[in-house]
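Biologist: Could you take me through this one and explain the terms as we go?
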Amino acid sequence: MSLFNARSAWTIYKHELARALRTALQSIIAPLLSTMLYFVVFGAAMGGRMDSGLAGVSYGAFIVPGLLMLTLLSESTSNGAFGIYMPRFTGAIFELLSAPVGFAETLVGFVGAAATKSLVLAAIILGTARFFVDYSIVHPVFVLGFILLVSASFSLFGFILGIWARSFEQVGMVPALFVMPLTFLGGTFYSIDVLPEPWRSIALVNPMVYLVNGLRWCFYDTADFPVMLSLAMTLGFLALCVLIIARIFATGWRLRS
Amino acid sequence: MQNILEIEGLAKTYDGGFTALRGVDLTIRKGEIFALLGPNGAGKTTLIGAVCGLVQPTGGTIRAFGEDMGRHWRRLRRRIGLVPQELSTDMFDSVINTVNYSRGLFGLGPDPDRVEEILRSLSLWDKRKESLRALSGGMKRRVLIAKALAHDPDLLFLDEPTAGVDVELRRDMWRQISALRERGTTIILTTHYIEEAEEMADRVGIIQAGRIRMVEETREIMARLGRTEAVFTLAQPLEVVPEALDSFPLVLASDRLSLVYRGGDGTGQGKAEVARLTKALIATGVDYTAIDIRESNLEEIFVNLLEHADAEGEAA
Ligand SMILES: Nc1ncnc2c1ncn2[C@@H]1O[C@H](COP(=O)(O)OP(=O)(O)OP(=O)(O)O)[C@@H](O)[C@H]1O
Ligand SMILES: [Mg+2]
């Protein structure tokens with residue numbers, strides 16, 4: 001007896017990507033536009049007067065990893081969330097529940113598609129950012145790996161959110177109230193070393209600080225913390241999300257009545 | 001293997017504390033059409049949901065194709081199809097995409113010929129490129145049927161397949177369902193149209209308040225509980241039923257102007273007896289001006305049974 005229906009997972013994956021294409025305006029253009037506005041305002045317009053604190057890195061270039069992270073986290077979370085919330089909302093989930101698919105196929109299909117969307121978005125953002133700021137990447141392979149890891153983790157996180165949520169408001173609430181502000185304050189626009197105490201210590205509790213720093217290290221080979229710490233935290237978060245989802249599937253929580 | 005589905009002691013108490021199934025035992029035979037009848041809230045959808053993985057049972061066992069559903073769900077679900085009661089699916093997809101999606105979801109590779117065949121059989125082929133939300137309710141229901149058929153299930157659940165479907169479409173759907181049976185598919189359907197069960201089902205199960213009240217061959221229920229009723233409108237009022245007619249189950253109406261026959265069974269025996277009665281009436285010199293004759297249907301039987309069960313329940 002097979003433990004994984006590859007065809008089922010692939011079907012979900014394709015279906016989710018097709019849905020994203022149908023709503024390309026919302027899933028690609030809108031986040032791209034808002035990210036570009038940041039580049040224009042903070043990178044191109046004000047950037048000349050700001051100091052990044054990193055030798056050889058302009059302020060405009062300094063904020064690229066943070067802004068990319070900001071978009072990645074909120075988009076991955078909401079993609080992951082809506083992917084599963086929509087069928088729950090319309091009732092179409094009956095088909096998934098009655099199909100020979102379990103935890104693994106569902107995760108690979110839904111979360112894989114959400115993560116793929118994030119990757120595509122990241123590529124587009126990085127390409128477009130070139131028009132506004134001059135940046136370079138020291139560790140391109142790590143950038144790719146880190147983006148993948150973060151997209152997958154937060155798509156998983158979003159997936160949990162989409163199962164937990166009982167309304168559209170709740171789906172939108174977490175990215176808007178937590179993910180976005182925490183990332184914003186997580187050193188996207190500054191090195192947290194420039195913060196006076198007690199703000200610096202408070203900032204250290206914010207998990208996004210480590211994500212932003214991790215990605216910044218991949219770009220410029222310098223960061224406020226060792227990159228291994230960022231990596232370990234991301235992997236830990238990923239594992240936690242997988243465990244929670246496995247538990248949700250085992251118990252049928254908010255999926256089966 | 002004769003039994004395709006064996007349900008034993010199936011119980012479901014929802015989170016809110018409501019008990020929808022109270023120990024259901026039900027066996028479905030291979031190749032039959034089984035109609036599950038019962039009033040609103042009886043537990044039909046819950047029962048189907050428990051078999052199909054939408055509802056987590058709180059007790060009992062379900063065996064499909066001879067294997068335990070809880071343990072071998074991955075293999076068994078490939079062989080089971082479900083058309084839900086609610087029209088719930090991604091309304092922005094096109095007809096053909098959504099059917100292909102269903103096929104893939106159940107682990108089968110693309111098969112354009114088979115999908116075309118399914119869509120044609122449900123008169124959906126011309127609409128294959130349309131988005132679901134542009135279809136009428138009856139058409140949407142057909143799409144849900146097409147989706148459920150996309151993986152060629154051996155056991156198909158149809159939860160009120162003809163709800164909100166006009167008479168013509170309904171007859172058409174009956175033909176589809178019969179055609180599926182010809183292919184060897186076992187079908188379990190729920191319906192509120194008793195005519196539908198009478199027309200199609202090999203066996204009928206009656207569920208009420210989470211309990212199966214009765215399971216029987218449709219023909220047998222009709223035979224056992226069916227009746228013929230004939231009302232003779234008399235030319236002149238009668239004081240009593242003539243002795244010569246004592247052998248017939250006759251009652252004189254209170255206005256003494258009509259004679260009512262109630263008897264026979266659901267197999268036509270009653271009609272034959274009414275024919276004999278007409279001759280006997282003439283022979284005894286009882287004149288009549290009209291005969292109104294009709295067969296009781298499953299609907300009446302059903303209503304009677306439920307009233308009976310209610311009375312029993314109250315007495316207990
Ligand atoms: N998710 C749920 N939570 C709580 N109670 C539920 C839930 N789903 C159904 N019920 C209750 O369980 C009972 C049986 O419902 P079910 O849908 O199985 O009935 P049904 O026989 O299909 O009725 P109908 O003919 O109206 O479709 C009803 O009283 C219903 O209110
Ligand atoms: Mg129902």
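Biologist: Why is T45(B) called partly exposed?

Modeller: Its relative accessible area is 37%. Buried means under 20% and exposed over 50%, with partly exposed in between (1.4 Å probe, protein chains only), so T45(B) at 37% falls in the middle class. Q85(B), at 28%, counts as partly exposed too. Bear in mind that this is a predicted model, where local features need pLDDT of at least 70, side-chain atom pairs count only at pLDDT 80 or more, and totals for chains, interfaces and linings use all residues. Residues are numbered from 1 along each chain as its sequence is written, chains are lettered from A and ligands numbered from 1 in the order written, and side-chain values use heavy atoms, without hydrogens and water.

Biologist: What makes T45(B) and Q85(B) donors to the magnesium ion (ligand 2)?

Modeller: Donors are N, O and S atoms within 2.8 Å of the metal (3.2 Å for Na, K and Ca); water is not among the atoms, so sites may look incomplete. Here OG1 of T45(B) and OE1 of Q85(B) sit at 1.9 to 2.1 Å, so both qualify.

Biologist: Why is the pairing of R22(A) and D90(B) called a salt bridge?

Modeller: The term asks for a side-chain nitrogen of Lys or Arg within 4 Å of a carboxyl oxygen of Asp or Glu. R22(A) and D90(B) meet at 3.3 Å, N to O, so the pair fits. Across the interface of chain B and chain A, the rule finds four salt bridges.

Biologist: How many residues of each chain are in contact?

Modeller: With contact meaning heavy atoms within 4.5 Å, 31 residues of chain B touch 30 of chain A.
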